[in-house]
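Got the viewer open? Let's take a short walk, one selection at a time.

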Amino acid sequence: MKKHILVIPGDGIGPEVTTWGKAVLEKIAEQFGHQFTYDKGLMGHVAIEATGEPLPEETLDKAKNSDAILFGAVGHAKYDNDPSARVRPEQGLLKIRKELGLYANLRPIMLFDELLDASSLKPEILKGTDILFFRELTGDVYFGEKKRSEDRRTASDLMIYHRYEIERIALKAFEAARVRSKRLCSVDKANVLESSRLWREVVQDMAKEYPDVDTEHMFIDNAAMQLVKNPKKFDVVLTANLFGDILTDEASQIAGSMGMLASASIGDGTGFFEPIHGSAHDIAGQDKANPLASILSVALMLEISFGLTDEARKITSAIDKTLKDGYRTGDIADTKTDPAKILGTKAMGQKVLEFLS
Ligand code: NAD
Ligand code: IPM
Ligand code: MN
């Protein structure tokens with residue numbers, strides 16, 4: 001198979017982890033006889049430094065002309081601590097999501113049995129958890145009108161949803177529920193928010209078309225609690241942009257770490273694959289970042305964008321073997337881990353490549 005892949009490493013640990021996602025892609029291509037070609041794009045702080053723009057036109061053009069995109073992370077401490085900065089790295093990510101029509105963000109909570117003790121939650125609560133989040137990605141308070149009063153003392157972000165935006169993400173979630181365990185939980189705040197009441201109305205209407213799917217509605221505050229109380233309760237979770245952002249960072253602790261969660265952003269055209277984590281300034285440049293979320297993002301790319309399920313399975317099985325052999329990065333190590341098997345980013349990436357051979 002011939003495919004052209006754009007790699008956007010971004011900032012902080014983005015380039016450190018994306019190196020290994022790409023190395024795994026190259027290895028898979030070699031093993032299965034695929035011809036993958038690559039290009040590189042700038043986005044985030046590195047792009048602002050080079051061009052003044054968080055998403056240069058050139059990167060967007062390259063993105064539109066590729067078959068899939070592998071992304072790292074954007075963000076820089078300089079902007080996090082400067083609320084007045086007008087140009088910000090994260091704007092690049094939001095713009096590319098909007099421009100590419102990436103309205104569905106799939107975030108699987110895939111729990112490797114070997115990591116049951118890596119979580120801060122009890123193993124017996126976690127075992128058997130398998131959740132697929134559908135986070136709406138191009139609407140909500142993220143993209144509603146933003147305002148600041150002239151005296152700068154009042155600010156607002158409009159939380160807005162149109163019916164078609166809810167329908168198209170809900171359709172993907174219902175279809176997924178149908179081929180999984182036929183359970184769907186839609187999370188909203190319909191007891192307070194008008195946009196959530198529209199959300200619930202649309203999902204209720206669509207549920208009538210899916211009588212085989214057991215559809216439940218839950219308020220976000222309760223869902224955040226149930227997720228750590230009894231995560232097995234959930235299978236497909238459908239939710240809005242902001243709620244999905246927060247719930248999935250919380251859910252990363254089920255899988256052991258932020259460094260374990262991959263995601264696929266899909267919609268109208270080219271698919272975009274990225275870890276759910278950010279640029280992690282606290283560990284950037286120290287060879288400490290877990291590269292497995294980036295490697296798992298590559299597995300999602302192969303499966304979802306290219307339909308290469310054997311190749312994707314080979315990657316998850318290589319990760320499984322690496323973990324079974326006791327290798328860990330610091331974020332997923334626990335008291336039982338052999339200190340000699342706690343690896344840096346590079347050594348962990350190399351181990352996965354070895355287990356792929
Ligand atoms: P973060 O996800 O970068 O980090 C949160 C915590 O998780 C940190 O303690 C970090 O060390 C740890 N962590 C994250 N990824 C890890 C990995 N692969 N291996 C080991 N540990 C890992 O979130 P934050 O600290 O809130 O944000 C930092 C910057 O990243 C901000 O500028 C933010 O805007 C940006 N951000 C970007 C994205 C993205 O590009 N998709 C996502 C989230 C945050
Ligand atoms: C994510 C991030 C982004 C989001 C930010 C960096 C814009 O937190 O991808 O989860 O909130 O969507
Ligand atoms: Mn996030």
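On this tour, a residue counts as buried if 20 or more other C-beta atoms lie within 10 Å of its own, and as exposed if 12 or fewer do. Keep in mind that you're looking at a predicted model.

Start by selecting helix 8, residues 194-207. Which of its residues are buried? Color S195, S196, W199, V202, V203 and M206, the buried ones in helix 8. Now turn the view until you look down the axis of helix 8: its buried residues fall within an arc of 125°, so they line one face of the helix. That spacing fits a general rule: an α-helix has 3.6 residues a turn, so residues three or four places apart point the same way.

Swing around to the other side of helix 8, and you'll find E194 and Q204 exposed.

Next, show what sits over the buried residues of helix 8: the cover includes helix 7 (163-179), strand 8 (183-188), strand 9 (214-219) and strand 10 (236-239).

Before leaving, check the length. At 1.5 Å a residue, the 14 residues of helix 8 should span 20 Å, and its end C-alpha atoms are indeed 20 Å apart, so the two agree.

Now jump to strand 3, residues 68-73. Is strand 3 mostly covered or mostly open? Mostly covered: 6 of its 6 residues are buried.

Add the neighbors it pairs with. Strand 1 (residues 2-10) runs parallel to strand 3, with 5 bridges, and L6 has I69 of strand 3 as its bridge partner. Then select strand 12 (residues 271-275), which pairs with strand 3 in the parallel sense over 3 bridges. Click I69 again here: its bridge partner in strand 12 is F272.

Key. Residues numbered from 1 in each chain as written. Chains lettered and ligands numbered in written order. Predicted model: local features only at pLDDT ≥ 70, side-chain atom pairs only at ≥ 80, totals over all residues. Helix = DSSP H or I, 4+ residues; strand = E, 2+ residues; numbered from the N terminus. Pairing = 2+ DSSP bridges. Expected span 1.5 Å × (residues − 1). Arc of directions from axis to C-beta. Contact = placed C-beta atoms within 7 Å.
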